Amino acid sequence: MPPRHPKNKKPKPHKSKRPKSARRPTGKLFEDLVTLQARLRAPGGCPWDREQTHHTLKTYLIEESYEVLDALEHGDPKELTEELGDLLLQILFHADIGREAGRFDIADVISGIHEKLVRRHPHVFGKVKADTPEQVLKNWAQLKAKEKKDAAPAKQLLPSALEGIPRSLPALIEAHQLTRRAAQVGFDWETVEGIFTKLLEETSELRVALSQPDGSRREEEVGDLLFVVVNLARFLGFDPEVALKHSNLKFKLRFQNMEADAARSGQRLAQLSKDELEVLWDAAKKRERSAAHQETE
């Protein structure tokens, strides 16, 4: 009898290594994987796979996406290969559920993205000129708007450029998507100095809100400040989610170094004064910078 697993947590299958010389063509590999996934959900297949729906798989799609990001951070090609495979499995899972319901299948998914890529790259497959990434993004936004307009019923208002951004996204990612879409149609800052000015403005408004009893106003101003910071990251060409992940990890490592230093002295951080904590924090920062400097030499 196989080991029992939590109701909604599927164990990852053991992976057999195939010698590089025995690799089959990509098309055949993909077809075999599609067939394998269909077999798992077919009668007599895996009970866990058979009970899944689009809704129950939402969590796994998010988890696998973040595990891919984590693998990218580690820079290990083997780990990244595995995590990309797990993410691909989620796509096949949803496509197979769609096939069973007669709504769509993996062929529709593939042909749809293939046609979109050709349609949205007229500078590659057509005669449109686009020599810079900025021109490409502007053309992409215009083509997307035209597609939505053509698909909309007559007399209906044109769809918003912000349509299609899910409210279920984490707030940081949603803010990035909103400002990126707005920038694609020309609603953006001229220079980074304008964003710095806005940061000062929002900081001042938050200071005013802190002197007032209205808690909701304070929350609103904190949100406005965060929104401007997201805009700053996007304007400078950084993904705010990725940038914050880096800072989160940096804080975690420094804090754990502080804990280790305190433990070596037979103490815990909670027993130390603010000044002592600051000394440990500065020491952790110096070690981190020293290690980074040695790696670059």
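**A helical chain and its aromatic contacts**

At the start of helix α11, a side-chain oxygen of Asp239 comes to within 2.8 Å of the backbone nitrogen of Glu241. This contact belongs to a predicted model, and helix α11 (residues 240-264) offers a convenient point of entry. The 25 residues of α11 should span 36 Å at 1.5 Å a residue, and the end C-alpha atoms of α11 are indeed 36 Å apart, so expectation and model agree. Just after α11, Gly266 adopts a positive phi of about 75°. Within α11, the residues Pro240, Glu241, Arg254, Met258, Asp261 and Ala262 are buried.

The setting of this helix is a chain with twelve helices and zero strands. From the N terminus on, the elements therefore read α-α-α-α-α-α-α-α-α-α-α-α. Of the 297 residues of the chain, 20% count as buried. Among contacts between residues at least 6 apart in sequence, 55% join residues at least 24 apart.

Two of the residues that α11 buries, Met258 and Ala262, recur in the nonpolar interior. The largest nonpolar core has seven residues, namely Met258, Ala262, Leu269, Leu272, Leu280, Trp281 and Ala284. Helices α11 and α12 (274-296) each supply at least two residues of this core, and the largest share, three residues, comes from α12. Trp281, a member of the core, touches Phe251, Arg254, Phe255 and Met258 when residues up to four places away in sequence are not counted. A second, separate core comprises six residues, among them Ile195, Leu206, Leu225 and Val228.

Leu225 and Val228 also appear among the buried residues of helix α10, which are Glu221, Leu225, Val228, Val230, Asn231, Leu232, Ala233 and Arg234. These buried residues pack against α8 (171-184), α9 (192-210) and α11. Helix α10 itself (residues 215-235) has 21 residues, and the distance from its first C-alpha to its last is 31 Å, close to the 30 Å expected at 1.5 Å a residue. After α10 comes Gly237, with a positive phi near 90°.

The aromatic residues provide another route through the model. A search of the whole structure finds four aromatic pairs. In one of them, the ring centres of Trp48 and Tyr60 are 5.7 Å apart and the ring planes meet at 70°; an angle over 60 degrees counts as edge-to-face, so the pair is of that kind. This pair links distant parts of the chain, with Trp48 in helix α2 (residues 47-51) and Tyr60 in helix α3 (residues 58-74), twelve residues apart. Trp48 counts as buried because its relative accessibility is 12%, under the 20% limit. Tyr60 counts as buried because its relative accessibility is 9%. Phe251 and Phe255 form a stacked aromatic pair, with 5.9 Å from centre to centre and 25° between the planes. Because they are four residues apart in helix α11, Phe251 and Phe255 are separated by about one helical turn. Phe251 is partly exposed, with a relative accessible area of 48%, and Phe255 is partly exposed at 32%. Both residues of this pair are also among the contacts of Trp281.

Trp48 and Tyr60 join Phe93 in one aromatic cluster. Elsewhere, a charged residue meets a ring: Arg120 lies over the face of Trp140, at 4.8 Å from the ring centre.

Two acidic residues complete the path. Glu64 is found in helix α3, the helix that also holds Tyr60. Glu64 counts as buried because its relative accessibility is 10%. The C-alpha atoms of Glu64 and Leu87 are separated by 5.5 Å, although these residues are 23 residues apart along the chain. Asp96 has its place in helix α4 (residues 77-100). With a relative accessible area of 6%, Asp96 is buried. Leaving aside neighbours within four places in sequence, Asp96 is in contact with Gln37, Ala38 and Arg41.

Methods:
Residues are numbered from 1 along each chain as its sequence is written. This is a predicted model: local features need pLDDT of at least 70, side-chain atom pairs count only at pLDDT 80 or more; totals for chains, interfaces and linings use all residues. Side-chain values use heavy atoms; hydrogens and water are left out. Rings of Phe, Tyr and Trp (its six-membered ring) pair if their centres lie within 6.5 Å; planes under 30 degrees apart count as stacked, over 60 as edge-to-face and the rest as tilted. Buried means under 20% relative accessible area, exposed over 50%, partly exposed in between (1.4 Å probe, protein chains only). A charge sits over a ring if NZ of Lys or CZ of Arg is within 6 Å of the ring centre and within 35 degrees of the ring normal. The expected span of a helix is 1.5 Å times one less than its number of residues. A polar contact is a pair of N or O atoms within 3.5 Å; within protein, one must be able to donate a hydrogen and the other to accept it, and residues adjacent in sequence count only if both atoms are side-chain atoms. Contact means heavy atoms within 4.5 Å. A nonpolar core is a set of buried Ala, Val, Leu, Ile, Met, Phe, Trp, Tyr and Cys residues joined through side-chain atoms within 4.5 Å.
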